[in-house]
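Work through the exercises below with the sequence and the structure open. Each task is followed by a solution in steps.

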Amino acid sequence: MEATIATDNNEKNWSGGDQKPLGASYGKMMMWFFILSDALTFSGFLGAYGLMRFKFHDSWPIADEVFTHFPFLHGVHAPMYYVALMTFILIFSSVTMVLAVDAGHQMNKAKVTFYMLLTIIGGAIFLGSQAWEWKNFINGTYGAVKLNDGKIIQFVDATGEQITLESFVKSQHSERTQHMANKGIWFTKEAELPPFTLNEVVESFKANPGVSIRTELINPETKAKTIIPHNEAMGFLNEAKSVVVGANLRENEYGKTLFANFFFFITGFHGFHVLSGVIINIIIFFNVIIGTYERRGHYEMVEKVGLYWHFVDLVWVFVFTFFYLV
Amino acid sequence: MTHEQEHTSHTKLIWKVFAILSVITIVEVALGIIKPDALYLTKFLGTSPLNIIFLVLTLVKAYYITWFFMHMADEKKSLRRAVVWTSVFLIIYLATLLLLEGSYISDVLGPLTKWNY
């Protein structure tokens, strides 16, 4: 073990001699190179997202219409606020982390412990927030109809505001129940049934002249989705294939399925980084408490895990921009 | 590593950087919610001025996080360049190629998509 643990800054950190290349200890330099490679991984993902977004720039979902929830404010249209809160939580946990590193430089064990604890709590809150964001996205808000060629049709009222399926669809009596594994052959089952059948939606649409539909196509002048008047809408609804509520990897009531795919993958990959960051922070936190770094004479390990934690914050800054702002 | 530098506290600087990052985030969120027509519906350098503002503010935030939270400012020039120049070059290269390709596919396939039924 002794060969791998830096016991003092003056001793050999590199097995080849006491010259430290680039003026950094082995661990710190390798952390930087790991961060570099991880940054390139994330830019690969975000670049692929950008490619698809440019490819479908005339019909990509508008983030402001997708992420509109805020805790305890039901039915209130609150775009951006929740993700802004998440951003603040992560930035603040970055601040407490850098304060812990700073306290480590002064060999102040009590302060390092306190700030590490705050950082862990911040990371846990962020993870919980992300789970809530996912939950809202998966459950959906309004519900929509998917056409045979995969396009999504949403419903709007006379003022052009999007409305939920519940607000105009009348449920007819239906014998159709969800096929579960315990109701037939044990290895076949189907996904949860949408709350309304396609027929109910189309019939209710015909009965409500005040309701019209909206396609995914964005008008470049107003940057809003195109609304089709009620009397022309049946051309679209004759092509309808199924009712879509919420988003998953196969369909997305807000528009392009690719949007859901990239959202789940990139925020999921980032969330996994946050999770591993929290776990590493917890390990270092207990090492601080039992005095490992006090005995070692320096808190460089806190600094190294801090680098990783700030990197996670850095990635979120870009995810925030490309998924929610631009 | 200079030891005198390490033992002085940087608390003031940290809170200053936090204030800068918070102000930038608040400006971003405010612009994202209001979306002023003059910035959102006009075109500048191939996209809306609002998007350019968001991109610039994001890069400013990335600079502050890397330089002051990750202490890149205190590292040797050689380490800094090995990490920053490499990533900046490769990311700009990749993004340019992918986004050019994306708009090309859009130009070719966009007119073929059926929007009237």
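**Exercise 1. Two helices of chain A**

Determine how α3(A) and α4(A) are oriented to each other, parallel or antiparallel.

Solution.
- Step 1. In this predicted model, helix α3 covers residues 81–105 of chain A and helix α4 covers residues 109–139.
- Step 2. Their axes come within 8 Å and cross at roughly 160°.
- Step 3. Angles over 145 degrees count as roughly antiparallel. α3(A) and α4(A) are therefore roughly antiparallel to each other.
- Step 4. The crossing in which α3(A) passes α4(A) is left-handed.
- Step 5. By class, the residues of this contact between α3(A) and α4(A) are 15 nonpolar, 8 polar and 2 charged.

**Exercise 2. Two helices of chain B**

Describe how α2(B) packs with α4(B), giving the angle and the distance between the axes.

Solution.
- Step 1. Helix α2 of chain B spans residues 11–34, and helix α4 of chain B spans residues 49–69.
- Step 2. The angle between them is about 165°, and the axes are 10 Å apart. That makes α2(B) roughly antiparallel to α4(B).
- Step 3. α2(B) passes α4(B) in a left-handed crossing.
- Step 4. On the α2(B) side, the residues in contact include B:Leu13, B:Val17, B:Ile20 and B:Glu28. On the α4(B) side they include B:Leu50, B:Phe54, B:Lys61 and B:Phe69.
- Step 5. The contact of α2(B) with α4(B) has 15 nonpolar residues, no polar ones and 2 charged ones.

**Exercise 3. A helix pair across the two chains**

Find which residues of α3(A) meet α2(B), and work out the orientation of the pair.

Solution.
- Step 1. The axes of α3(A) and α2(B) come within 10 Å, with a crossing angle of roughly 170°.
- Step 2. α3(A) and α2(B) are therefore roughly antiparallel to each other.
- Step 3. From α3(A), the residues that meet α2(B) are A:Ala84, A:Thr87, A:Phe88, A:Ile91, A:Val95, A:Val98, A:Leu99 and A:Asp102.
- Step 4. Among the residues of α2(B) on the other side are B:Thr11, B:Phe18, B:Leu21 and B:Val29.
- Step 5. The classes in this contact of α3(A) with α2(B) are 10 nonpolar, 4 polar and 1 charged.

**Exercise 4. The contact between the chains**

How many residues does each chain give to the contact, and which element of chain A gives the largest share?

Solution.
- Step 1. Chain A gives 50 residues and chain B gives 48 residues.
- Step 2. The elements of chain A with two or more residues on the side that touches chain B are α1 (26–55), α3, β3 (212–219), α6 (234–237) and α9 (300–325).
- Step 3. The largest share comes from α1(A), with 15 residues.
- Step 4. The side of chain A that touches chain B has 28 nonpolar, 15 polar and 7 charged residues.

**Exercise 5. The sheet of chain A**

Give the strand order of the sheet in chain A, and explain why β4 and β5 each have one side without a neighbour.

Solution.
- Step 1. The sheet is open and has 5 strands, in the order β4-β3-β2-β1-β5, with antiparallel pairing.
- Step 2. β4 (224–228) and β5 (240–244) of chain A are at the edges with a single partner strand each, so one side of each is left without a neighbour in the sheet.
- Step 3. From one strand to the next, the twist averages 40°.
- Step 4. β3(A) and β4(A) pair over 4 bridges, and A:Arg214 has A:Ile227 in β4(A) as its bridge partner.
- Step 5. These two strands, β3(A) and β4(A), form a hairpin with 4 residues between them, and A:Lys223 in the turn has a positive phi of about 55°.
- Step 6. β1 (residues 144–147) and β2 (residues 152–156) of chain A run antiparallel and are joined by 2 bridges. A:Lys146 has A:Ile152 in β2(A) as its bridge partner.
- Step 7. Helix α5 (residues 198–207) of chain A lies across β1 and β5, at about 100° to β5(A).

**Exercise 6. Domains**

State how far apart the domain centres are in chain A and in chain B.

Solution.
- Step 1. The domain assignment of chain A gives domain 1 as 30–140 + 259–325 and domain 2 as 144–245. Their centres, taken over C-alpha atoms, are separated by 36 Å.
- Step 2. Chain B is divided into domain 1 (1–74) and domain 2 (76–112). Here 21 Å separate the centres, again taken over C-alpha atoms.

Technical notes. Residues are numbered from 1 along each chain as its sequence is written. Chains are lettered from A and ligands numbered from 1 in the order in which they are written. This is a predicted model: local features need pLDDT of at least 70, side-chain atom pairs count only at pLDDT 80 or more; totals for chains, interfaces and linings use all residues. Two strands pair if DSSP finds at least two bridges between them. Axes are lines fitted to C-alpha atoms, for helices over the stretch in contact, and angles run from 0 to 180 degrees between N-to-C directions. Two residues are in contact if their C-beta atoms, placed from the backbone, lie within 7 Å. Domain bounds come from an automatic or database domain assignment. Angles under 35 degrees count as roughly parallel, over 145 as roughly antiparallel, 65 to 115 as roughly perpendicular and the rest as oblique. A crossing is left-handed if the near helix is turned anticlockwise from the far one by less than a right angle, and right-handed if clockwise. Ala, Val, Leu, Ile, Met, Phe, Trp, Tyr, Cys and Pro count as nonpolar, Asp, Glu, Lys and Arg as charged, and the others, Gly among them, as polar.
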